[in-house]
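The exercises below are meant to be worked with the sequence and the coordinates open side by side. Try each task before reading the solution that follows it.

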Amino acid sequence: MNTTAKKIKYPTTVEDTDQMGKRYDIIQCPTCGLKQKAEILLTSPYETYLHECKGCEYIIEEDEWNSVVTI
Ligand SMILES: [Zn+2]
């Protein structure tokens with residue numbers, strides 16, 4: 001049925017993201033289609049796009065980051 005193949009390219013994000021600031025985006029999960037708020041980590045030199053879907057726990061990475069609305 002629905003095999004949840006988790007693939008994590010990036011290490012777990014650091015704790016002190018408050019110091020770097022945060023940005024949020026509304027994205028749609030590529031597997032279950034759930035639209036949800038996801039955090040973009042303003043890391044250096046590139047922003048980190050990594051979010052676990054609240055619906056199916058799929059790890060959404062930059063390649064599959066389907067932005068619906070930017071807030
Ligand atoms: Zn999902």
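**Exercise 1.** Determine how many bridges join strand E1 to strand E2, and in which sense the two strands run.

*Solution.* In this predicted model, begin with the two segments themselves, E1 covering residues 22–28 and E2 covering residues 35–41. The strands run antiparallel, and 7 bridges join them. Individual pairs can then be picked out across the ladder: Asp-25 has Ala-38 of E2 as its bridge partner, while Ile-26 stands opposite Lys-37 in E2. Finally, follow the chain from one strand into the other, where 6 residues lie between E1 and E2 and complete a hairpin. Within that turn, Gly-33 adopts a positive phi of about 80°.

**Exercise 2.** Describe how E2 pairs with E3, and find the cis peptide bond that involves Pro-45.

*Solution.* Consider the pairing to start with: E2 and E3 are antiparallel and share 2 bridges. Leu-41 stands opposite Thr-48 in E3, and the two strands form a hairpin with 6 residues between them. Next, look at the connection, since Pro-45 is placed in the loop between E2 and strand E3 (48–52). The peptide bond leading from Ser-44 to Pro-45 is cis, its omega being near 0°.

**Exercise 3.** Locate Glu-57, give its phi, and decide whether Glu-57 is buried or exposed.

*Solution.* Glu-57 belongs to the loop between E3 and E4. Its phi is near 65°, which is a positive value in a residue other than glycine. For the last step, count the C-beta neighbours inside 10 Å: there are 12, and because a residue with 12 or fewer is classed as exposed, Glu-57 counts as exposed.

**Exercise 4.** Summarise the make-up of the protein chain, and state where the prediction is most and least confident.

*Solution.* List the elements before anything else: the chain holds 1 helix and 5 strands, and from the N terminus on they follow the order α-β-β-β-β-β. Then turn to burial, for which 11% of the 71 residues count as buried. As for contacts between residues at least 6 apart in sequence, 49% join residues at least 24 apart. The last step concerns confidence, where the chain averages a pLDDT of 80 and 66% of the residues score at least 70. Confidence is lowest in helix H1 (residues 17–20), with a mean of 51, and highest in strand E4 (residues 59–61), at 96.

How values were computed. Residues are numbered from 1 along each chain as its sequence is written. This is a predicted model: local features need pLDDT of at least 70, side-chain atom pairs count only at pLDDT 80 or more; totals for chains, interfaces and linings use all residues. Two strands pair if DSSP finds at least two bridges between them. Helices (H or I, at least four residues) and strands (E, at least two) are DSSP runs, numbered from the N terminus. pLDDT is the predictor's confidence in each residue, from 0 to 100. A residue is buried if 20 or more other C-beta atoms lie within 10 Å of its own, exposed if 12 or fewer, and partly exposed in between; C-beta atoms are placed from the backbone. Two residues are in contact if their C-beta atoms, placed from the backbone, lie within 7 Å.
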